[in-house]
Amino acid sequence: MSFVNAALRAVFDLVLGPFAALPPIVPVSLVSLVSGIFALLVYRWTSNQEAIAAVKRRLFGHLLEVRLFNDDLRAVLRAQLRLLRENLTYLRLNLVPLLWMIVPFVLLIAQLQFHYGYGGLEVGERTLLTVDLVAPNAEPSADGEQASRPGVDLEAPPGVAVETPGVWVPSLHQVAWRVRALDPGRHELVVRTGGEEFTKSVLVVDPDGGARWVRRSPTRRRAAIVDQLLYPAEPSLPRDGPVDRIDIRYPPASISFFGLFDLHWLIAFLILSIGLAFALRNRFGVTL
């Protein structure tokens, strides 16, 4: 999974890089178009088009039956039962192409989230960096004494200032620092603990414009399969290391939907990809 994530990061950085200074609705629209075409092709290759068309004809017939015999309660109930049965058949026929599409779309959405789901820190903005350590196996002491603070140090590059000492939260087994963005760019913070070093990227955007919509990672986690699938923006932390996760708090981001209103990029992606797929279905000879 680490190799797949590394390859996908390189591909998406290369493909989306030229659009980093443009309104995000532009690359989201292009990706939605490609995704809609991909979904149509998968649907045509993996679904039983003849059976889907037949089910849709039967559904339409049963709807007409309800309309024509609306004064006959028994006929209406029979038609509604047939509608329910045909709807279940339609869902079953759509299950196969959906299973083929779910993994590619999960990987796609996970990558796009880290380009358009978070806003970068601006120069002068403050945020928190937290390091969650692996909890020790030892049981707490009988007198309730809290665990002592482990040795964890944070080193920041010139573009980021560490404004507070690390605050130890025993109940969370977590150390937190307040940091402040000084210079635009991608910076690497270094966390040292247990004789090991772990890096965490921090993106500071240029307030005067520039490449604002690039990959940013709010969290770096251990190498569990689910975490690697959902948080692919940085290499995973070592599975047997002392650090469970490193988080940097980014503000949530929204994008302008063609200047009409602001919304989360995923909603815009779903609206556009589904709408484009329906608009192009006849051109690709697909029955949905």
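1. In this note, contact means that heavy atoms lie within 4.5 Å of one another, and the structure under discussion is a predicted model. With that meaning in mind, the buried residues of helix 2 pack against helix 1, helix 3 (49–68), helix 4, strand 11 (255–256) and helix 6 (265–280).

2. Helix 2 itself covers residues 25–46, which is 22 residues, and from its first C-alpha to its last it reaches 31 Å, close to the 32 Å expected at 1.5 Å a residue. The residues of helix 2 that are buried include I25, P27, V28 and S29 towards the start of the list, and also V31, S32, S35, G36, A39, L40, V42 and Y43.

3. One residue of helix 2 that you may wish to find in the structure is S35. Is S35 buried or exposed? Its relative accessible area is 6%, and because buried means under 20%, S35 counts as buried. Leaving aside residues up to four places away in sequence, S35 touches F105, L108 and F269.

4. Turning to helix 1 (residues 2–16) and helix 4 (residues 73–116), their axes come within 11 Å and cross at roughly 55°, and the two helices are therefore oblique to each other. Helix 1 passes helix 4 in a right-handed crossing. On the side of helix 1 the residues that meet helix 4 are N5, L8, R9, F12, D13 and L16, while helix 4 brings L107, L108, Q111, L112, H115 and Y116. Sorted by class, this contact of helix 1 with helix 4 has 7 nonpolar, 3 polar and 2 charged residues.

5. Helix 4 also packs with helix 6, at an angle of about 135° and with the axes 10 Å apart, which makes helix 4 oblique to helix 6. Helix 4 passes helix 6 in a right-handed crossing. Which residues make the contact? From helix 4 they are F105, L108, I109, L112, Q113 and Y116, and from helix 6 they are W265, L266 and F269. The residues of this contact of helix 4 with helix 6 divide into 8 nonpolar, 1 polar and no charged.

6. A further residue to look at is V160, whose place is in strand 4 (residues 160–162). V160 counts as buried, at 5% relative accessibility. Not counting residues up to four places away in sequence, V160 touches V179, R180, L182, H187 and L189. As for its position relative to T127, V160 is 33 residues apart from T127 in sequence and 11 Å apart in space, C-alpha to C-alpha.

Note on methods. Residues are numbered from 1 along each chain as its sequence is written. This is a predicted model: local features need pLDDT of at least 70, side-chain atom pairs count only at pLDDT 80 or more; totals for chains, interfaces and linings use all residues. Side-chain values use heavy atoms; hydrogens and water are left out. Axes are lines fitted to C-alpha atoms, for helices over the stretch in contact, and angles run from 0 to 180 degrees between N-to-C directions. Helices (H or I, at least four residues) and strands (E, at least two) are DSSP runs, numbered from the N terminus. Angles under 35 degrees count as roughly parallel, over 145 as roughly antiparallel, 65 to 115 as roughly perpendicular and the rest as oblique. A crossing is left-handed if the near helix is turned anticlockwise from the far one by less than a right angle, and right-handed if clockwise. Ala, Val, Leu, Ile, Met, Phe, Trp, Tyr, Cys and Pro count as nonpolar, Asp, Glu, Lys and Arg as charged, and the others, Gly among them, as polar. The expected span of a helix is 1.5 Å times one less than its number of residues. Buried means under 20% relative accessible area, exposed over 50%, partly exposed in between (1.4 Å probe, protein chains only).
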